[in-house]
Amino acid sequence: MEKLKSLVPDALKRMIAESTPDDLPSTCHSLLEFFLHMQQFQMIVGDLAHSETALCCKNRDAALESKRKGNECFSSGDYMKALSLYSQALRVAPTDADDVGKNLVVTLFVNRASVLHKMGFLVECLRDCNRALLISPNYAKAWYRRGKANASLNGYEDAVRDLNVAMHLEESLGGRSQIERELKLILDQYKGNNSVDQHDQNDLGTLEEQLQIKLQCVSTPTKGRGMASLSEISQSYLVHTEEPYAAIILKHCRDTHCHFCFNELPVDSVPCTSCSIPLYCSQHCQMQAGGQELRNNSKNHGICTNLSSDLEKYVAGITLPKDSDSNIEWIVEHKHECKGVNWPAVLPPEIVLAGRVMVKSVEQKKHSCNASNLMDTLELSHSYKTMAPESKLDLHIYSIVLLYCLQHSHGFELPLNGISISQLIILISQIKVNSIAIVRMKFMDGYSPLDQSVNFSPAGGAFTSNMEQVRVGQAIYSVASLFNHSCQPNIHAYFLSRTLFLRATEHVAVGCPLELSYGPQVGQWDCKDRQKFLKDEYSFRCECSGCSELNVSDLVLNAFRCVNPDCFGTVLDSCVIKYENEKFERFQGVPQDCISEPHLQLKNDGIREVAHQAFANSSFHAAPGYCLHCGAYRDLEASHATVREAGIYISRLQEAIVSKEVPATTFSDALRSLDLLKSTLHAYNKGIAEAEDWIAQAFCMIGELQPAMYHCKASIEILEKLYGSNHIVIGYELMKLSSIQLSLGDTAAMKSISRLAAIFSWYYGPHADMMFPYLGSLQRETCKLVL
């Protein structure tokens, strides 16, 4: 798009930069007329929208080449590479392509099943065999491989049936002899045990939980529309649950997460049947995303005949679509993109998401193609008027390109004119400030939160991975978009598949606004960084309690310590001072009788500990480098230099931990750097907590769990000051601490695990065990410790 931007005349750029929502039909018409007469525009949008130039189409030759390379790797024993090549071949293979008289997709599924069997992915192997048989029930090799997989899973009864079907279908004498040998071997092992779950779905399931909270949309003086409850809400109560109106996977997750449910892809991922862009965790998700039209490869092409009635029934149960498939809700959000064209892969996710919203809106309003009605579906707010000039130009260009692509690749009914483009600009503006990031929990060393294979012993080490939320998707939730932001939220958002859950993390009074975090929270970033993020991403200045009222976290998170060793005061940098002085001014305006109220006393005691002058001086104004408690001065330039130097060695330790090899010199340098940080930064500075955490992990890696526990506790003590003692971040840290304690045989693990279980329950309710099965492992190990 940079090429198109460079072609726009300066006069037209100025007109767009100064435009308001009312001006959009005129500015859009002018830019459209300019582009339509340019050959460069026609070439660019042609490459995006025309299938003749597309790179995302199915390609039989490319599939066959990947298959050939996969076969070579399989023969040489490089199963990991073979798995990757077969999966790539499946991604680009046309569903009707021939491969030496066999369906190419079928042979690829069976080849990948063979690799999965070799690698020990037995259930995944079984699923690939089932997929092959849905397309070609008469393929003997698929039945043979299925029988081998069932036998490895101790499903001997099914294995015998599979091999009998394979024997019936196999035409060559050598093949029949091989099946006979395998049958004899399995019959010798047969014990009648058939306990394999053969569902072709990757669904965590959900627990039934009734919504008992009645919500109302309210208007607030500082935040506009918001949501509040008509009744009191207890801690951990489910406030709201919702499916997305439209959703899209982010580009960096296209090869790692399912394009429909956003869960991590298994090794037997399922490609789209018509283009090479999406990957799904199962046929269930593939069909939900693509609709009935993309299920051609799931239709049965004839059940093998001359079988016993028992085997006929068995074959039908595997090769015919399940009754449950008819109950799937067909969302069809990918159908209009599934033409092998380039634009869904090239345009930014939020632009593709806008296309999905537009198409769904049109489908829901087939009786009307009036542009003024299309965008009323979601009734979302937007901030076009306050956007930067560069952003306004971007929206104009992307909207013209998207509408052109929709028309040429989907036959979209909306005309390509100034009015239609202006409505699309408003929609993209709405998505920018109302979309919600779909996140997944991930351990920084690659572990999954679902991993339960942890050895709680001094020899096995302890589990101390850092956990973080990773954005995998972007979605519009119609009702959830009405909940306002707070940097100190009282509700918590999480996801099961693509379903959004909102749960109260504290008691909420009747009529009190229900607010979630759009990203940054108090304790995570200081006020300056939170304000910048929210302004850049959502175009508003936050006025929540965390940003407008004094709190200990913002005063210490990035602060230096006082040079006076007997003083616990905080020293702030110039970039932080501006935001905290605004809070000091408001603080001085609060009546003294309010300050002494019990519910504020604890908070004010913490502020007084680090910033006593705010209480002692009614006209207090903080200055960079001066202690807020005693007024002593600290040389900030020298302090920054010390912190930078120490940070270099902490970063080296971090890199060594990630590479799973920590040299002794790197470790000793990091320990000295921690002392430097403690002598320079405030005791509650988050940088110290992070350094303590990395050092705890390093001690775990070398098997010294006692000092690991000491540093882990030190990190948690700081984070409790920044976030509060019951924040979900503390729960994540307690997982590490309790793991270390269990490995040491320390009975204090019981208290840690009990505490983290309570925190997880407040944030995830009955879904806590589902979200973190590792918690169950901790609790079971605690029982062993007691016994």
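Which helix lies across β12 and β13? In this predicted model, that element is helix α31, spanning residues 749-764, and its direction is at about 120° to β13. The paragraphs below start with the overall make-up of the chain, then turn to the sheet beneath this question, and finish with a helix pair and a few individual residues.

The protein chain contains 33 helices and 16 strands. It has 787 residues, of which 53% count as buried. When contacts between residues at least 6 apart in sequence are considered, 71% of them join residues at least 24 apart.

The strands crossed by α31 belong to an open sheet of three strands, arranged in the order β5-β13-β12 with antiparallel pairing. The edge positions are taken by β5 (238-242) and β12; each has a single partner strand, so one side of each is left without a neighbour in the sheet. Averaged over the sheet and with direction ignored, neighbouring strands are turned by 20° against each other.

The pairing on either side of β13 can be followed residue by residue. Strand β12 (residues 491-496) runs antiparallel to β13 (residues 499-504), and six bridges join the two. On the other side, β5 and β13 are also antiparallel and are joined by four bridges. Leu-500 of β13 is a handy landmark here: it is the bridge partner of Phe-495, and Glu-242 stands opposite it as well. Strand β12 is mostly covered, with five of its six residues buried. The hairpin formed by β12 and β13 has two residues between the strands, and within this hairpin Ser-497 adopts a positive phi near 55°.

Two loop residues also have positive phi values. Ser-236, in the loop between β4 (224-229) and β5, has a phi near 80°, although this residue is something other than glycine. Phe-262, likewise not a glycine, shows a positive phi of about 70°. The loop that holds Phe-262 connects β6 (246-249) and β7 (270-271). Is Phe-262 buried or exposed? Its relative accessible area is 0%, so Phe-262 is buried.

Among the helices, α9 (residues 140-152) and α10 (residues 156-169) form a pair whose axes come within 8 Å and cross at roughly 160°. Because of that angle, α9 is roughly antiparallel to α10. The crossing of α9 past α10 is left-handed. On the α9 side, the residues that meet α10 are Ala-140, Trp-143, Tyr-144, Arg-146, Gly-147, Asn-150 and Ala-151. Their counterparts in α10 are Tyr-156, Asp-158, Ala-159, Asp-162, Leu-163, Val-165, Ala-166 and Leu-169. By residue class, this contact between α9 and α10 comprises ten nonpolar, two polar and three charged residues.

A last residue to point out is Ser-422, located in helix α18 (residues 418-434). Its relative accessibility is 5%, and therefore Ser-422 counts as buried. Which residues does Ser-422 touch, leaving aside its neighbours within four places in sequence? Ser-422 is in contact with Leu-24, Pro-25 and Cys-28.

How values were computed. Residues are numbered from 1 along each chain as its sequence is written. This is a predicted model: local features need pLDDT of at least 70, side-chain atom pairs count only at pLDDT 80 or more; totals for chains, interfaces and linings use all residues. Side-chain values use heavy atoms; hydrogens and water are left out. Axes are lines fitted to C-alpha atoms, for helices over the stretch in contact, and angles run from 0 to 180 degrees between N-to-C directions. Angles under 35 degrees count as roughly parallel, over 145 as roughly antiparallel, 65 to 115 as roughly perpendicular and the rest as oblique. A crossing is left-handed if the near helix is turned anticlockwise from the far one by less than a right angle, and right-handed if clockwise. Contact means heavy atoms within 4.5 Å. Ala, Val, Leu, Ile, Met, Phe, Trp, Tyr, Cys and Pro count as nonpolar, Asp, Glu, Lys and Arg as charged, and the others, Gly among them, as polar. Buried means under 20% relative accessible area, exposed over 50%, partly exposed in between (1.4 Å probe, protein chains only). Two strands pair if DSSP finds at least two bridges between them.
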